[in-house]
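Hi there,

Here is the structure I promised to pass on to you. Have a look at it first, and then read on for my notes.

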Amino acid sequence: MELTAQGERLAADLGRWLTDLTFVDLDADEVTARVIDSVVRWAEAQGWRVYRRAPSVLPLPPPLEQRHSVLDVACARPDGPPVVVEVDHTDRARTVQKLRAEADAGRVPIWVRWGVGRFTVPPPPVRMVTVEVTRRAGPAGRGRLHSRTGDRPAPAHSTGGGTVATQALPIPLTDPDAGEGVGKGV
């Protein structure tokens with residue numbers, strides 16, 4: 001299978017996996033960590049070896065050009081080229097540059113972008129998976145808080161599936177004799 005077609009298939013599969021990801025009131029670093037954890041679980045579910053913060057083929061810019069960038073997630077697959085995933089909440093040109101360098105090295109590059117929308121599609125062969133969230137101002141010193149709640153139906157509360165028959169209460173709600181003998185010295 002061609003690298004581009006593999007990228008499309010894998011990005012679509014990861015996108016489906018991430019639809020179940022929900023959280024409430026996390027800051028940007030917490031959301032990024034949560035998304036990375038979910039990507040790792042997806043890759044592990046495929047039976048792949050997974051590496052967090054794996055070295056990239058792209059060197060850092062000067063004066064650190066002797067060192068290399070790192071990837072959020074890198075996956076070794078027995079049945080195809082490696083898959084590399086970057087997770088960001090901003091539109092970073094450096095991320096696109098890094099993922100294109102990874103593609104040139106024969107890896108399948110996927111960029112997971114999370115945020116409130118307005119995602120700019122990267123150039124091929126980089127594939128984008130989006131995770132839309134809502135945001136609100138957090139308490140002082142906490143910054144913005146992000147949430148992602150699914151539109152899932154409420155859980156079933158009974159297995160019968162029908163209506164429950166009403167039952168009469170064993171105690172009468174009104175007692176015609178109530179009050180007799182009370183306080184009358186009986």
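Let me start with D88, which counts as buried because its relative accessibility is 7%, under the 20% cut-off. Please keep in mind throughout that this is a predicted model. The side chain of D88 meets that of R92 in a salt bridge, at 3.5 Å from N to O. R92, for its part, is partly exposed, with a relative accessible area of 37%.

That pair belongs to a wider set of charged contacts: a search of the whole structure finds nine salt bridges. Two others caught my eye.

- R127 pairs with E8, with the closest N and O atoms 3.2 Å apart. This bridge links distant parts of the chain, since R127 sits in strand β6 and E8 in helix α1, 119 residues apart. R127 is buried at a relative accessible area of 17%, whereas E8 is partly exposed at 45%.
- D37 pairs with R52, and here the closest N and O atoms are 2.9 Å apart. D37 lies in helix α2 and R52 in strand β2 (residues 49-59), 15 residues apart. Both ends are partly exposed: D37 has a relative accessible area of 27%, and R52 has 44%.

Now for the overall layout. The protein has three helices and eight strands, and from the N terminus they run α-β-α-β-β-β-α-β-β-β-β. Of its 186 residues, 34% are buried. Among contacts between residues at least 6 apart in sequence, 51% join residues at least 24 apart. The accessible surface is about 11900 Å², and carbon and sulfur atoms account for 53% of that.

What does the inside look like? The largest nonpolar core has 27 residues, and those with the most contacts inside it include L14, V35, V85 and I110. Helix α2 gives the most to this core, with seven residues. Apart from this core lies another, of ten residues, with A54, L71, A74 and V96 among them.

V85 is a good place to zoom in: leaving out residues up to four places away in sequence, V85 touches V39, L71, D72, V73, I110 and V112.

One last residue to look at is T32, in helix α2. Is T32 buried or exposed? At 18% relative accessibility, T32 counts as buried. Beyond its neighbours within four places in sequence, T32 is in contact with V87, H89 and W114.

Happy browsing, and best wishes!

Note on methods:
Residues numbered from 1 in each chain as written. Predicted model: local features only at pLDDT ≥ 70, side-chain atom pairs only at ≥ 80, totals over all residues. Heavy atoms only, no water. Helix = DSSP H or I, 4+ residues; strand = E, 2+ residues; numbered from the N terminus. Buried < 20%, exposed > 50% of the residue type's maximum accessible area, 1.4 Å probe, protein only. Contact = heavy atoms within 4.5 Å. Areas by Shrake-Rupley, 256 points an atom, 1.4 Å probe, with all protein chains shown as cover. Core = buried A, V, L, I, M, F, W, Y, C linked by side-chain atoms within 4.5 Å. Salt bridge = Lys/Arg side-chain N within 4 Å of Asp/Glu carboxyl O.
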